[in-house]
Amino acid sequence: MVVAVLGGTGKLGLGLVHRLARAKYQVIVGSRDPDKARGVASVVSDETGGLVKGEANLEAAGLADMIIAALPVAGMRDVLAGLGEATRGKVVIDTSVDMANMPGQIDCAGVRVRSILEDVRATAAFQTIPAAVARSQGTAADCHVFVFGDDPEACRATVDLAGALGFDAVVSGALSDAWMSESITRMLIGLNIRYKKRSIGMRLVGL
Ligand SMILES: NC(=O)c1ccc[n+]([C@@H]2O[C@H](COP(=O)([O-])OP(=O)(O)OC[C@H]3O[C@@H](n4cnc5c(N)ncnc54)[C@H](OP(=O)(O)O)[C@@H]3O)[C@@H](O)[C@H]2O)c1
């Protein structure tokens with residue numbers, strides 16, 4: 001399975017790239033700058049022994065079976081707008097959190113991706129996973145991943161991927177419910193600041 005991480009050079013994306021490589025996925029780091037992507041891929045490949053290469057976002061998306069969009073909300077449209085054919089029919093996992101506007105059902109993670117790329121099978125996940133947790137060396141992570149989506153197979157694929165990366169994942173609602181995850185993330189960021197931590201995440205009990 002080939003997984004592309006668009007924005008895989010960034011804080012969260014890089015952590016996921018490391019985890020994917022350690023879990024023996026073929027990984028493609030996507031970037032606006034293919035040289036930057038290749039540089040990052042080479043470092044991760046050396047560190048993990050995994051199959052990691054770097055490409056421009058368009059090529060990365062085209063080569064992938066599954067795509068993680070680890071992009072800031074502000075730059076997402078610019079990156080995704082040209083990727084229609086390369087992403088058609090694929091599962092695209094949106095990790096985004098809108099820190100500038102309060103998200104709602106018509107403009108939340110996953111819905112944002114689907115509004116740009118109409119023919120993808122969008123899910124939203126990893127919102128509540130701090131980059132420091134994604135980047136941590138241990139395989140298993142203590143946090144739950146909340147998965148949102150309207151396509152049951154895409155949700156299952158997202159849960160399976162998160163599981164392979166060491167997270168317990170739960171399908172938590174429809175795509176338009178992903179604003180809830182974004183709201184929790186705002187709280188977690190506040191807690192990390194208040195308690196001077198970087199890895200406060202969330203774990204469900206009683207499942
Ligand atoms: N950081 C976290 O702890 C965390 C946790 C959960 C969810 N998230 C969410 O996940 C997404 C990625 O977060 P992040 O912290 O990893 O972001 P980031 O490091 O700021 O950016 C990720 C990558 O996106 C590309 N990028 C940056 N600005 C861009 C722009 N204006 N237009 C297009 N591309 C741009 C860059 O890649 P290139 O320069 O290589 O193209 C960058 O390395 C965000 O939506 C964030 O809210 C973050």
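Student: What makes contacts in this protein chain join residues far apart in sequence or close together?
Tutor: This is a predicted model. Take contacts between residues at least 6 apart in sequence: 70% of them join residues at least 24 apart.

Student: Why is the protein chain called as compact as a globular protein of its length?
Tutor: Its radius of gyration is 15 Å. The globule rule gives 17 Å for 207 residues. The two values are close, so the chain is as compact as a globular protein of that length. The C-alpha trace spans about 40 × 35 × 30 Å along its principal axes. Buried residues make up 50% of the 207.

Student: What makes up the secondary structure of the chain?
Tutor: It comes to 9 helices and 8 strands.

Student: How do you know whether Phe126 is buried or exposed?
Tutor: Count its C-beta neighbours. Phe126 has 34 inside 10 Å. The cut-off for buried is 20 or more. Therefore Phe126 counts as buried. Phe126 lies in the loop between β6 and α7 (131–135). Phe126 is not a glycine, yet has a positive phi of about 75 degrees.

Student: And Lys196: what makes it buried or exposed?
Tutor: Lys196 has 6 other C-beta atoms within 10 Å. Exposed needs 12 or fewer. So Lys196 is exposed. Lys196 sits in the segment after α9 (179–194). Lys196 also has a positive phi, about 50 degrees, although it is not a glycine.

Student: How do you know which way the side chains of strand β6 point?
Tutor: In a regular strand the side chains alternate between the two faces of the sheet. In β6 (residues 121–124), Arg121 and Thr123 point one way. Ala122 and Ala124 point the other way. All four are buried.

Student: Why are both faces of strand β4 called covered?
Tutor: Look at each side of β4 (residues 66–69). Met66 and Ile68 are on one side, Ile67 and Ala69 on the other. All are buried, and both faces are covered.

Student: How do you know that β4 pairs with β1 and β5?
Tutor: Two strands pair if there are at least two bridges between them. β1 (residues 2–6) and β4 are joined by 4 bridges and run parallel. Within that pair, Val5 has Ile68 as its bridge partner. β4 and β5 also pair over 4 bridges, in the parallel sense. There, Ile67 stands opposite Val92.

Student: What makes β6 a partner of both β5 and β7?
Tutor: Apply the two-bridge cut-off again. β5 (residues 91–94) and β6 run parallel, joined by 4 bridges. Val91 stands opposite Arg121 in that pair. β6 and β7 (residues 144–149) are joined by 2 bridges and run antiparallel. The bridge partner of Ala124 in β7 is Phe148.

Student: What makes up the right-handed β-α-β unit?
Tutor: β5, helix α6 (residues 111–116) and β6 make it. Right-handed is the clockwise case: the strands point away from the viewer, and the path runs from the first strand over the helix to the second.

Student: What makes up the shell around the ligand?
Tutor: 26 residues surround the ligand. The closest are Gly7, Gly10, Ser31, Gly75 and Ala131. The elements giving two or more residues to the shell are α1 (11–22) and α4 (73–80). α4 gives the most, with 5 residues. By class, the shell has 12 nonpolar, 9 polar and 5 charged residues.

Terms used: Residues numbered from 1 in each chain as written. Predicted model: local features only at pLDDT ≥ 70, side-chain atom pairs only at ≥ 80, totals over all residues. Near = placed C-beta within 6 Å. Nonpolar A, V, L, I, M, F, W, Y, C, P; charged D, E, K, R; others polar. Rg over C-alpha atoms; globule rule 2.2 N^0.38 Å. Contact = placed C-beta atoms within 7 Å.
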